[in-house]
Amino acid sequence: MKKYSLDLITGNCGKIDPYSIDSYIETGGYDTVRNIFAQDCENIINEIKKSDLRGRGGAGFPTGTKIEFVYKSDITPKFLVCNADEGEPGNFKDRFLLENDPHQLIEGMIIASYAAGISKGFIYIRGEYNKAIGILEKAIEQARQKGFLGKNICGSGFDFDIEIYSGAGAYVCGEEFALIESIEGKAGRPRNKPPYPVSAGIFNKPTLINNVETLSTIPFIIREGAEKYTSVGTPTSKGTRLVSLSGNVNRRGVFEVPFGISIREIIFNLGKGIPHGRRIKMVQLGGASGPCIPPEMIDLRLDYKEFENNGLSMGAGAVIVIDDRHDILDILRNIMVFFRHESCGKCTPCREGNRHILNILDRFIAKTATEKDLSTLESILNVMTDTSFCGLGQAAPTAILTALKYFRYEFLLGIYKEYEIKNAV
Amino acid sequence: MNTIEITINNKKISVPEGITILEAAKSAGLEIPTLCYHIDQSVKANCRVCIVEVEGMKTLPSSCSTAVRPGMVIHTNSAKVLEARRVIIEMILANHDADCLKCHRNLSCELQKIANQAGVRTNRFENVLEIKEIDNSTPSIVRNPNKCIKCGRCVEMCRDVQGINIIEKIGRSSEIEIIPAYGRYLSDVACVSCGQCSTVCPVAAIYEKEDIDMVWDAINDPGKHVIVQTAPAVRVSIGEEFGMEPGSIVTGKLVAALRRLGFDRVFDTNFTADLTIIEEGNELLHRLETGGVLPMLTSCSPGWINFIEQYYPELLPHVSTCKSPQQMFGALAKSYYSEKTGIPVRNIFVVSIMPCTAKKYEAKRPEMRTDGIHPDVDAVLTTRELGRMLKQAGIDFNILEEEQYDDPFGITTGAAVIFGASGGVMEAALRTVYEVVTGKTLDKLDFHDVRGMEGIKEAEVDLAGTKVKVAVAHSLSNARKIMELIKSGKCEYTFIEVMCCPGGCIGGGGQPYHTTNELRRKRIEAIYEADRDIPIRKSHENPAVKALYDEYLEKPIGEKSHHLLHTYYISRKKRACS
């Protein structure tokens, strides 16, 4: 039988007590850390590179290469940041890992830090994740007591410790440089790139920033080997990834799926279909900043290459299912209210663009829009995508841009009467 | 330096490695429009106006922040770029109080310029501006949030150059504002009124309080005898308002222009600059002889006085009690000049032309009223305001014939001219103090150690066997370093000149727009050129000053001069929170 979900990195979740380090150690936890110091940093980096692990935060940058950049830098000190500011609406998979298996993350952070020569790590965690913060605080304390954190870890001479840092609830602080500014005590607004964090991050020192899921995957790769990890997935996307399934499905939740699974399989096999036998209206992938696709496209397979070929990005792995009771424009409006609120206000396109989009969208919803509104809307969306300072403004228009492509009729209804549309288009 | 090959708008050029696309384009004769970019500031890249298209890149990068790479193929005017640039400018305008015809910055506005350049003729976006209160609380500067485009230049100037940090970006998204802490009025925060923010603002979001109409009213009032004084720095900068080369010395034209405006007498603040040197020099010698508080700090710069009153009141005894040249002039105009001409004080209207916005505040100080009733200086116009006033009057500055200042406050020295540049007061004082103390004639009048744009400069002089160390600081972040040094007790200087603005008065907050450090250097060069051209170069050799003492003041730091030419300071420390 085809396996729709796996447990390479979620194996402990729900099985061990997240408040107890012993419970983790009994499953073989921290064995990798004990053995790691006998290895060369290059070996570890090579193993991660061989696993083809890519950043699970959304950008999909090769993790091994990123670690190598920091490893090769001569500037010290170097920092590690675990990006746990999971603010993208529709995503809750990092929270799942943090609340169920905190030590796996800590272990991953120790391995990555040892490989890159880092002695100080931060977990930048979303302020609303109170439970996870409590669990992490306890886990870090226990790891220190057992000698996995602090000075001279396991007698190796390697020092590494972790500090938890929580933001004030700004979505933009998930952007790596806004996050770094926030850690430095400034308002969370992005910086110019280049230089990238790997060369000038926290206090302009080399900084390795990775998502919770990415770092949590590292212990498996080092323990079981890259070969085992890459035996799962597709030729162009290796291993597993966590999917946050939400919306109008019978079974919502976090699923660890092998790459290559189709959106249809996620919705119908893992999610057990749509309640009350309704039909899918649209599926939003990745989160609020991700593309909206029509039901005709759900045979799309979870694969970096396949997504790219369709002009889509996978983002952080959310799958949000909307059934046919809903009006697409209402959903989009909700998304734009979010971005209008969360823009940091630094650059013109994002600061000014989101509110104009929202205003125009309101006219479509009120069915008072004009053809000029449609062309203005398309102009702002494209300009924001092309010219915004950071990923927030570049991705904010994605939902509407894709909706305009796949659900154009819904927009036209905001301008014309139904009987006029045939003549108009 | 390595050079690389790039292609801009179909032309292959080689440019130095590491420069930005903006710089590379400029070297190829292409001026990419910019708004938040300022050559003396960090790259902000937040306005996104200077975007370009680079082949192979998914997005349109901002040219101010993107370095050229070998083989880059750049288009600065592709359809995509033109459309994006126009959309961005239209969005800025949709949130901007674009009453251009009534705006201070009409024709000098950077936003207006790029909007015109981009061919914005209509705006597809609805106006989303929410009108907010204009902050008129200080006599010096006005903050109009309805014009602000959130570029952050003022914030950087206030924080990094002046080290005051009283305005900051607050909030986020479309609610973002650049305001003083807790949204207070400028008068309620520790703003020193230096106006440096206004020199870098690309629009009219922060500007000098305009007093032109008040001056017109006085000029056109037959009952008023209106006299004007011009600060040293104005003569090397006002020409820029009329398209002249930066650093043009236009003293004679300035005098002529002021007469054409209708001033009854045109005088020179340089005269009281010389007087300042006599008073301040003697005060220094007095402090040295009587064991007074040292180091002594200069007191000519009103922004600097505001700074020390607000931030370091405990060090006020170090500040010379001399009024600034502007206020010495005002005091003499409303006493000596009134008595000499027989014109009652109430009929004399004194106007100053200053490179400075803090001078407006200084003139309004209650202690600056010799008779206790009438302000010694009635109105202060910045260099920029004078430029606008001359344009209102239709005066063609360029073809004016040069004229001379009026007597008695028109005879000046080179020592007074250099007050306009950082280090000038120090150099002028040294020329006089040396000769007074040693009784010898100074062979070399130029003290190069105290000149130029370096933040803190120092020199050592031999005064009849006593070695005296002096220092010069400009911009308040440097002033702060000196204050901390004094507080630490490790300060070895005897005499310190502090100017509030970078470069001294030639870089003042009321100087022509588009001031850059390069322009400051050119104005400084002009100041020293003017010094060399004047036959008398030492303040104590000014015959008119000598005559004033003989005739009226009797002696330096005497009773009369104490009453007219000296002042006092009080702590104006602002609470951090209320």
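A residue is taken as buried if 20 or more other C-beta atoms lie within 10 Å of its own. By this criterion, seven of the seven residues of strand S12 of chain B are buried in the predicted model, so S12(B) is largely enclosed by the rest of the structure. The side chains of this strand leave in two directions: Ile348(B), Val350(B), Ser352(B) and Met354(B) point one way, and Phe349(B), Val351(B) and Ile353(B) point the other way. Residues on both faces of S12(B) are buried.

S12(B) is paired with two strands. Strand S9 of chain B (residues 225–230) runs parallel to S12(B) and is joined to it by six bridges; within this pairing, His225(B) stands opposite Ile348(B). Strand S13 of chain B is likewise parallel to S12(B), through four bridges, and Met354(B) stands opposite Thr382(B) of S13(B). Strands of a sheet pair through backbone hydrogen bonds, either parallel or antiparallel.

Helix H12 of chain B (residues 383–392) is also largely enclosed by the rest of the structure, because seven of its 10 residues are buried. These are Thr383(B), Arg384(B), Glu385(B), Leu386(B), Gly387(B), Met389(B) and Leu390(B). The cover over the buried residues of H12(B) includes strands S8 (206–208), S12 (348–354) and S13 (379–382), together with helices H6 (212–219) and H7 (251–261), of chain B. After H12(B) comes Gly394(B), which has a positive phi near 70°.

A further element of chain B is an open sheet of four strands, ordered S11-S16-S15-S14, with mixed pairing. Its edge strands, S11 (296–297) and S14 (456–463), each pair on one side only. Strand S15 (residues 466–474) and strand S16 (residues 495–499) of chain B run parallel and are joined by five bridges. One point of register in this pair is given by Ala471(B), whose bridge partner in S16(B) is Ile496(B).

At the level of the whole chain, chain B contains 18 helices and 16 strands. The radius of gyration of chain B is 25 Å, which agrees with the value near 25 Å expected for a compact globule because the chain has 578 residues. Along the principal axes, the C-alpha atoms of chain B fill a box of roughly 80 × 55 × 55 Å. Of its 578 residues, 53% count as buried. Among contacts in chain B between residues at least 6 apart in sequence, 73% join residues at least 24 apart.

The largest nonpolar core has 296 residues, and Cys82(A) and Val319(A) are those with the most contacts inside it. Helix H6 of chain A (residues 102–116) provides the largest share of this core, with nine residues. Leaving aside residues up to four places away in sequence, Val319(A) touches Val243(A), Leu245(A), Ile263(A), Ile266(A), Ile267(A), Val283(A) and Leu285(A). In soluble globular proteins, nonpolar side chains tend to be buried together.

Between the chains, 25 residues of chain A are in contact with 27 residues of chain B. On chain A, helices H14 (328–342), H15 (348–365) and H16 (371–387) each supply at least two residues of the side that touches chain B. H15(A) gives the most to this side, with nine residues. By residue class, the side of chain A that touches chain B comprises six nonpolar, 13 polar and six charged residues.

Regarding confidence, the model scores ipTM 0.94 and pTM 0.94. Chain B averages a pLDDT of 95, and 99% of its residues score at least 70.

Conventions: Residues are numbered from 1 along each chain as its sequence is written. Chains are lettered from A and ligands numbered from 1 in the order in which they are written. Two residues are in contact if their C-beta atoms, placed from the backbone, lie within 7 Å. Ala, Val, Leu, Ile, Met, Phe, Trp, Tyr, Cys and Pro count as nonpolar, Asp, Glu, Lys and Arg as charged, and the others, Gly among them, as polar. A nonpolar core is a set of buried Ala, Val, Leu, Ile, Met, Phe, Trp, Tyr and Cys residues joined through C-beta atoms within 7 Å. A residue is buried if 20 or more other C-beta atoms lie within 10 Å of its own, exposed if 12 or fewer, and partly exposed in between; C-beta atoms are placed from the backbone. Two strands pair if DSSP finds at least two bridges between them. The radius of gyration is taken over C-alpha atoms; the globule rule is 2.2 Å times the number of residues to the power 0.38. pLDDT is the predictor's confidence in each residue, from 0 to 100.
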